[in-house]
Every structure is written in C-alpha cells, then in structure tokens.
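Hi there,

Here is the structure I promised to pass on to you. Have a look at it first, and then read my notes below.

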Amino acid sequence: MIGMPEKRARSNACRNCRIRKRRCLPTASDVNGSCQLCKQQSIPCSLTRRSGQNRPIAPVDDQLSPASTSSATASHIFPGDPLQLLPPRPVLDELIELYFQLIHDGPHTLFHKPTFLSRLQENMVPNFLILAVISLSTRFSTNEYFRNDARPFALAYAKAAIELLEKEMIRPSLEPVQGYILVSQHLGGEGDVRAKHICTGLACLHCQSLRLWDTSGMTILKQEVRRRTYLSVIITGKWTTADMSIAPVTSDFPPENLQLLDEEDFLALRERPARHGIWSQMAKTIDIFRENLDIIIMLGSGETLTSQINKVTHLAKLLDKWEQELPARLKYNPENLTYFQEIGFGKTFLAMHIGYQHYRQLLYFPFLDPRNENSLASSECKKHAMMVSEIVSQGGKLVYYIIGHILVVSSSVHLHTLLLGGGDVDRARSYLLSNFEILMKLKRYWPVIDAAVGRLRSFQNHCRVSSLDSFVLDDWMWKFLMAQSAVLDEPRSAKHASPRGPFISGTEMSNDVLVDTALSWLLD
C-alpha cells in the first residue's frame, strides 16, 4: 500500500497553496520538491530546490525582437495549456482592478467596468480576454504570488492570450476586437512593433466586418461599448501607422460623429445629452493627429516647410478651435482635475490634455530647425512641450508606455533650449529632469522605454556634433517623432557616451553635463 504524502504545515506551504488556501502536498516523484498543485498547474513552486536559483533563460537569438525573445523565455518558464496560467481568484481580482486603475480609459476605452466585473464573477468573460487584460496589469503587481518578478508572468499571459485569439481570427465578434487591442498594447510596450501592427490590423478587420459604429436598435450598454471599442481601434490604428512609418488611412466612420455618453453617465448607464464627455472630445482630434503625421512624413521625405505651411496653419486653427470650444468643465485647471479624479476619471482627463499638447509640439517642431526662421512658432513648440511635462508631472496614474514616447519628444524640445538657447532655460532644465524621473519609473514596466531613451541619447549626441542641423526633419528625425514602439536604427553619427556616474542634478552643473549624466543614469 502506498502511503499518502504528508501535508506540509501551513507556515511551510508554498506561495501558490497559501494564496489558494489549499493543502500543500509534496510530489513524491519530483526530485526538485514541487508540490502537487504547482506541478499540476505547470508553474514553478516556491519551495522547489531550484527556487533560490536563477530562472532558466532562453538563448539570445539576434533575429528575435525584444518581445519575441521575452516570450521564448516565458514559454520556457510556463509550459503547458494556456488556461492553466490563470492565477488564483484573489490574485486575478487584484490584477483586474489594477488594470482598471492604471490602464483602462488611458490609451483605450473598451469596457463598462461594473458589467465586466459582474460577467467575470459569473465566468462569462472569455479566457483570452482575461489573459489579455492581466498581461497589461501584472507588471505593476507586487503580490507575493509573482515572487518579486511579475514581468515573466505578464509575458506568459500575453503569449497565452495570443494563442487563444488565433482560434477567433476568422470569427469576428466584439470581444476578440477588444482582445487584439489589449495584446497590441502589450506588444507595443515590449517593442515588437510588427506584431503590434498585425494585432491592430486584425482588430480593424473585425471592426469593419462587425460595423461597430452601427449601433441602431441596441441597448445603451451595447451601443456605448461598441462605439468606445471602435474609437479605441481607430486611436490605436493611428498610433500604430506612426510606428510603422506609413501614412494613416481615413477612418471608416468619422470618429467625431460618435455620440458617446459622458463618463459618469456611461458608468451609471444613464442616457442624457452629453455635456462634457472626455472621449467625445478626444475623438475630435484623431483626424487632426492623422493630418499632422502626414505633414511630418512629407517633411521627412524631402518636402520643404514652405510647401506645407498652409497645412500647418490649417491644423493650428483646428486645434485652436478645439481648445476654445472645450466645455468649461474640461478646461485644464486644478479644479477640473480634482473633479475628475474624485469620480475616477482623472487619468482620462490628463490623457486628453497630454494628447492635445503633444499634437501641438509635433505641429511646431519643424520650426526648431534654424533654417525655418519663425521665432513665434518655435516658441509655441517650446510652450507646449513644457505643458506636456507639467501635465505628466501631476501624476494621475499615467503609466502606459505611450506617455514615455511623448516625454521623449518633449525632452528633445527642452534639449533645444538647454543646448542651443532661445527660451526659459531654468524651466526647461527643471522639466527635463522631471521627464527623466518619470521615464525612470516607466522603464521598470515597459522595455520599449529603454529604446526611447536611447533615441534621445543619439539625438543629444548629434546636437553636440552638429547643432545646426540636429532639428532638420531627415529620415531619422521624423521617425524619432512618430515611432513610439519601434526600435530605430541610428544612422546619425554620434559620439560614445561617457561612463556613467552618479546622477547629480545640482545647479552648478552645466546644461550639457547635466543632460549627459541624466541620460547615462537612465540608460544604465
């Protein structure tokens, strides 16, 4: 007769069993000492003899992108059925809440939170959607379930979500559209721009097949979720075409014509005339962003600013009009920020204003080229770059990776002031350091931030070598402005960075030394 394995004392149970409140039973046949539950779920047991050693790492393949390399590592750590990867329910609930706190209603708006949570409790949310959601939020978790290293779990969740979504590829429905958008956000943060582009394209194809913008005869909930998902597809698509260095296409249905509820009304499923909907206002700027990218592409392809000046003037007027027509409740001021923070939409309020300021800094960026003599437009660029830094410094849980790209563009404008003059040097210095501090926090969660900061280093080095043509929109520079997920080549000649020293931001340092030290600190 074979004896039953002894139950481990509660204090000696592994993390997985403690969290699940299950008996922790050793596996007699496992030489490493894994418990039965962890072995059944194909996850590392915290009590195995190898738990104190380094986790296995896949060999580096020069042909793999950062994301695919990380995915290979994750698959080595987490083999088996994708469905076995779902964490215990208390951990899962925590990850879902983190997603709604930190990600949702920032780069996208896909769900009605109370309905999503209700469906989750009833086990009605598809597993691919759950995995896609937690692939974004897990990186922020400090739960002991992740053994102080949550990123491999995030990679494994994303990989599993992609595997399950493959089965939905030719079965268009709303939830796969949402899943593809979520996975594309993960891939963008990992720097896998091609995979991101494909996922976004699949979301767009499903969206077109379903005609998500057509919501006649539907309930308030279905109307709003479909419209918001469509808007998220359009926004993600515009940013992705920028990543791929291709001109964005016109939307199937004008996003500014979507009739979205105000945020608090959507939350309460209360139908009444819109007063100050944040996403409704953001929808009005999407095509302005598209036209802005068109101008940058033309300038980067050799067109002169003179040939594009009418378009620049036209977009400036459209952005002026957008700002002037903002409802009083949506103007950027401390009172309105507090109002939206109290009702749970402070992050969305800040995202709207950061987007507007970013479009402005992009529009006027060509005027930083000293050959385009227009001090007023150059000053406008610097003003909006400072507003980007000001808004991001307000906090508001802005932790998605696109914020890092916007800060890198803002920082390049501050570098113009510090290294070439022509602006408020003290404010530029202060905001540059603020940007760097935020980038340092973001790079803990998103590998692509390292690439973004590396581009800034290359740009700074070129400023040293040839300050007069550093702001010329050549092939490298227009990609620098547009590509928030891509890892760029560095054709511009650059000096080698000096060795890293401690990050000191004292006022006695020269601007050039300050920037060099801060960038070395960030890149370490």
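Helices (H or I, at least four residues) and strands (E, at least two) are DSSP runs, numbered from the N terminus. By that rule, the chain has 22 helices and zero strands. Please keep in mind that this is a predicted model, where local features need pLDDT of at least 70, side-chain atom pairs count only at pLDDT 80 or more, and totals for chains, interfaces and linings use all residues. Residues are numbered from 1 along each chain as its sequence is written, and side-chain values use heavy atoms, leaving out hydrogens and water.

Of the 524 residues in the chain, 56% are buried (under 20% relative accessible area, with a 1.4 Å probe and protein chains only).

Now for the largest nonpolar core (buried Ala, Val, Leu, Ile, Met, Phe, Trp, Tyr and Cys residues joined through side-chain atoms within 4.5 Å). It has 136 residues, and those touching the most other members include Tyr99, Phe111 and Trp446. Helix α16 (residues 346-364) gives the largest share, ten residues. Why does this core lie between domain 1 and domain 2? Because both domain 1 (89-271) and domain 2 (275-490 + 510-523) give residues to it; the bounds come from an automatic or database domain assignment.

Next, zoom in on Phe111. Beyond its neighbours within four places in sequence, Phe111 is in contact (heavy atoms within 4.5 Å) with nine residues' worth of partners to look up, among them Tyr99, Leu182 and Phe266.

Finally, a second, separate core of eight residues includes Cys24, Cys35, Cys38 and Cys45.

Enjoy exploring!

Note on methods:
Buried < 20%, exposed > 50% of the residue type's maximum accessible area, 1.4 Å probe, protein only.
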